[in-house]
Amino acid sequence: MPRFHATAALLLVLSLFVWAGLVAGISFLEAPLKFTAPGITVPLGLGIGRIVFSALNKLELLLAAVAVVSGFYLRVPAHIGAMLGIVSGVLLLQTLWLLPALDVRALALLAGHPAPPNSLHKVYIGLEVVKLLTLLLTGSWAFRWALQAARGQTLNRRAQQLA
């Protein structure tokens with residue numbers, strides 16, 4: 001595997017697994033635990049959550065761009081490309097619709113105007129589960145594919161040297 005291809009494969013795999021780690025750590029660990037800390041009120045937790053999820057979303061967009069560009073450059077197999085499309089689609093849905101809608105609700109609560117109950121948080125959590133599982137599966141497939149490509153290139157180079 002040429003050096004630049006190896007770098008792109010490393011970027012693809014790292015971006016997927018770092019992204020998965022961020023989603024797991026923030027969405028499934030930090031967010032629910034924040035409200036169990038002593039002295040954290042709902043308004044304080046919402047204020048912290050808005051900042052944290054805004055930063056997470058920016059990092060996710062960067063990591064998605066790195067993964068997709070690396071995937072295009074490497075011409076990954078169709079199943080990996082499809083999964084990159086799915087996870088990117090979930091992220092865009094969250095970025096363009098869910099996060100703004102949840103932010104409006106948080107701002108209303110912070111201003112003392114409780115919003116009527118809805119299922120936006122449940123939809124967001126469901127999409128986070130889909131995103132995390134997709135990232136882990138895609139990262140595993142990309143890693144396996146990159147290893148096979150590297151081994152195949154090494155075997156081809158050795159065969160050429162022996163001939």
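Biologist: How many helices and strands are there in the protein chain?
Modeller: In this predicted model, the protein chain has four helices and zero strands. Along the sequence, the pattern reads α-α-α-α.

Biologist: And which stretches are these helices, as far as the largest nonpolar core is concerned?
Modeller: The largest nonpolar core has 21 residues. Helix H1 spans 3-34, helix H2 42-74, helix H3 78-110 and helix H4 120-162, and each supplies at least two residues of this core.

Biologist: Which helix gives the largest share?
Modeller: That is H1, with eight residues of this core.

Biologist: Which members touch the most other members?
Modeller: They are Leu-12, Leu-16, Trp-19, Leu-74, Leu-84, Leu-135 and Ala-142.

Biologist: Take Ala-142, then. What is it in contact with, leaving aside neighbours within four places in sequence?
Modeller: Ala-142 is in contact with Leu-12, Val-13, Leu-16 and Ile-80. Of these partners, Leu-12 and Leu-16 are also listed among the core residues that touch the most other members.

Biologist: What does the second core include?
Modeller: The second core is separate and holds 11 residues, including Ala-31, Phe-53, Leu-98 and Tyr-124.

Biologist: Changing topic to overall shape: what radius of gyration does the chain have?
Modeller: The protein chain has a radius of gyration of 20 Å, whereas a compact globule of 163 residues would have one near 15 Å. The C-alpha atoms fill a box of roughly 80 × 30 × 20 Å along the principal axes.

Biologist: What share of the residues is buried?
Modeller: Buried residues account for 33% of the 163 residues. The chain exposes about 9,600 Å², and carbon and sulfur atoms supply 73% of that area.

Biologist: How much of the contacts comes from residues 24 or more positions apart?
Modeller: Among contacts with a separation of 6 or more, such residues account for 80%.

Biologist: What about the charges, positive and negative?
Modeller: The protein chain carries 12 positive and 4 negative charges, and the mean positions of the two sets are 15 Å apart.

Biologist: One last residue, Arg-75. Where is it found?
Modeller: Arg-75 lies in the loop between H2 and H3. Its phi is positive, about 55°, although Arg-75 is not a glycine.

Biologist: What sign of phi do most residues other than glycine have?
Modeller: Most residues other than glycine have a negative phi.

Biologist: Is Arg-75 buried or exposed?
Modeller: Arg-75 counts as exposed because its relative accessible area is 73%, and the cut-off for exposed is over 50%.

Terms used: Residues are numbered from 1 along each chain as its sequence is written. This is a predicted model: local features need pLDDT of at least 70, side-chain atom pairs count only at pLDDT 80 or more; totals for chains, interfaces and linings use all residues. Side-chain values use heavy atoms; hydrogens and water are left out. A nonpolar core is a set of buried Ala, Val, Leu, Ile, Met, Phe, Trp, Tyr and Cys residues joined through side-chain atoms within 4.5 Å. Buried means under 20% relative accessible area, exposed over 50%, partly exposed in between (1.4 Å probe, protein chains only). Contact means heavy atoms within 4.5 Å. The radius of gyration is taken over C-alpha atoms; the globule rule is 2.2 Å times the number of residues to the power 0.38. Accessible areas come from the Shrake-Rupley method with a 1.4 Å probe; for residues, only the protein chains shown count as cover. Lys and Arg count as positive and Asp and Glu as negative; His and the chain ends are not counted. The place of a charge is taken as NZ of Lys, CZ of Arg, CG of Asp or CD of Glu.
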